[in-house]
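Ready for some practice in reading a protein structure? Take a look at the sequence and the 3D view, then work through the exercises at your own pace.

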Amino acid sequence: RLQRTLGLHEAARSNHQDAYDLCERKVPFLRHACAAQLAMDAFAAGQTDAGLHWLHSAQHSRPAGAISRAWCVLADLAHARVCAAVQTGEWEAALQEVMAAVAESEHRRLPIYAPMLHIDQARCHLALGQPTAAAPPLLAALTVAQAAGLTPLLWQAHTLGAEIARALGQ
C-alpha cells in the first residue's frame with residue numbers, strides 16, 4: 001500500500017502479483033486479498049480494465065467462514081470498489097459494498113476496519129452529491145482514527161473533510 005501511495009505503481013503491482021501467485025499455490029483462501037490489492041494498484045495507475053478484472057476476481061473468490069470473512073474485510077474489497085468508482089462513476093454500487101462491509105464489521109465487532117470504511121462511505125456520499133450525508137461517517141472515522149492514533153487515516157479524513165466543507169459552501 002505504501003508503494004502505491006508513493007506512486008510506485010509498478011513496484012506495488014509486482015509485489016502484489018508475487019503474493020497472488022504464492023496464494024494460488026499455497027494459501028488459496030487469501031487469494032481474494034491479493035486480488036483486491038491488485039485491483040487497487042491498477043486503479044491507482046489508471047488501468048481501469050485491469051482494475052475491474054482484479055476486482056471481479058476478488059469478489060468471486062471470497063472465502064467462507066468466520067476467520068476468512070475477517071480477512072475479506074481486511075483485504076479492502078470495499079475500498080477496491082471505491083477505487084473502481086473513481087474510474088467508472090459507479091458510486092451507488094461502491095456505497096452498497098461499503099455499507100455491507102460496515103454492517104459486517106459492526107456485527108462481527110471488528111472496529112479496526114471502521115475508520116477506513118467510514119472514510120470510504122463519506123467519499124461515496126460526497127461523490128453522489130450528498131455532502132450532508134458524508135459528514136456523520138467522516139466524524140465517526142475521525143473519532144476512531146484519533147483515538148487509535150491512525151495518522152495516515154487522519155490525513156485522509158481531514159482532506160476529505162475539507163472537500164465536504166467546500167461542497168457545503170463552508
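The exercises below all concern this predicted model, and each comes with a worked solution.

**Exercise 1. A helix with a ruler**

Work out whether the span of helix 2 agrees or disagrees with the 1.5 Å expected for each residue.

*Solution.*
- Step 1: Find the helix. Helix 2 covers residues 9-25, which makes 17 residues.
- Step 2: Get the expected span. The rule multiplies 1.5 Å by one less than the number of residues, and for helix 2 the result is 24 Å.
- Step 3: Compare. The end C-alpha atoms of helix 2 are 24 Å apart, so the span agrees with the expected value.

**Exercise 2. Which side is buried?**

List the buried residues of helix 2, and find out how they are placed around its axis.

*Solution.*
- Step 1: Name them. Ala12, His16, Tyr20 and Cys23 are the buried residues of helix 2.
- Step 2: Look down the axis. These residues cover an arc of only 70 degrees, so they sit on the same side of helix 2.
- Step 3: Recall the general pattern. An α-helix has 3.6 residues a turn, so residues three or four places apart point the same way.

**Exercise 3. Salt bridges**

How many salt bridges are there? Describe the pairs Glu10 with Arg13, Glu24 with Arg31, and Glu90 with Arg81.

*Solution.*
- Step 1: Start with the idea. Side chains of opposite charge can pair when their charged atoms come close.
- Step 2: Count. The total is 4 salt bridges.
- Step 3: Take Glu10 and Arg13. Their closest N and O atoms are 2.6 Å apart. Both belong to helix 2, and because they are 3 residues apart, about one helical turn separates them. Arg13 has a relative accessibility of 31%, so it counts as partly exposed.
- Step 4: Take Glu24 and Arg31. Here the closest N and O atoms are 3.3 Å apart. Glu24 is partly exposed at 40%, and Arg31 is partly exposed at 25%.
- Step 5: Take Glu90 and Arg81. This salt bridge spans 3.8 Å from N to O. Glu90, at 42%, is partly exposed, whereas Arg81, at 15%, is buried.

**Exercise 4. The enclosed helix**

Is helix 6 largely enclosed by the rest of the structure or largely open? Give its span as well.

*Solution.*
- Step 1: Check the span. Helix 6 takes in residues 77-88, and its 12 residues reach 16 Å from the first C-alpha to the last, close to the 16 Å expected.
- Step 2: Find the buried residues. They are Leu77, Ala78, His79, Ala80, Arg81, Val82, Cys83, Ala84 and Ala85.
- Step 3: Conclude. With 9 of its 12 residues buried, helix 6 is largely enclosed by the rest of the structure.
- Step 4: Look just past the end of the helix. Gly89 follows helix 6 with a positive phi of about 80 degrees.

**Exercise 5. A buried aspartate**

Which residues does Asp120 touch, leaving out those up to four places away in sequence?

*Solution.*
- Step 1: Locate it. Asp120 lies in helix 8, residues 114-127.
- Step 2: Check its surroundings. Its relative accessibility is 0%, so Asp120 counts as buried.
- Step 3: List the contacts. Asp120 touches Ala78, His79, Val82 and Val98.
- Step 4: Pick out the polar one. The side chains of Asp120 and His79 make a polar contact at 2.8 Å.

**Exercise 6. Cysteines and disulfides**

How many disulfides does the structure hold? Explain why Cys83 is not bonded to Cys124.

*Solution.*
- Step 1: Remember the bond. A disulfide is a covalent bond between the sulfur atoms of two cysteines.
- Step 2: Count. The structure holds 0 disulfides.
- Step 3: Try Cys34. Its nearest cysteine sulfur belongs to Cys23, 3.7 Å away, and Cys34 is in no disulfide. The cut-off for a disulfide is 2.5 Å between sulfur atoms.
- Step 4: Try Cys83. Its closest cysteine sulfur, in Cys124, is 10 Å away, which is too far for a bond.
- Step 5: Add the burial. Cys34 is buried at 11%, and Cys83 is buried at 18%.

**Exercise 7. An unusual backbone angle**

Where does Arg109 lie, and is it buried or exposed?

*Solution.*
- Step 1: Place it. Arg109 is in the loop between helix 7 (91-107) and helix 8.
- Step 2: Read the angle. Although Arg109 is not a glycine, its phi is positive, at about 55 degrees.
- Step 3: Judge the exposure. At 73% relative accessibility, Arg109 counts as exposed.

Definitions and conventions:
Residues are numbered from 1 along each chain as its sequence is written. Side-chain values use heavy atoms; hydrogens and water are left out. Helices (H or I, at least four residues) and strands (E, at least two) are DSSP runs, numbered from the N terminus. Buried means under 20% relative accessible area, exposed over 50%, partly exposed in between (1.4 Å probe, protein chains only). A polar contact is a pair of N or O atoms within 3.5 Å; within protein, one must be able to donate a hydrogen and the other to accept it, and residues adjacent in sequence count only if both atoms are side-chain atoms. Contact means heavy atoms within 4.5 Å. The arc is that of the directions from the helix axis to the C-beta atoms. A salt bridge is a side-chain nitrogen of Lys or Arg within 4 Å of a carboxyl oxygen of Asp or Glu.
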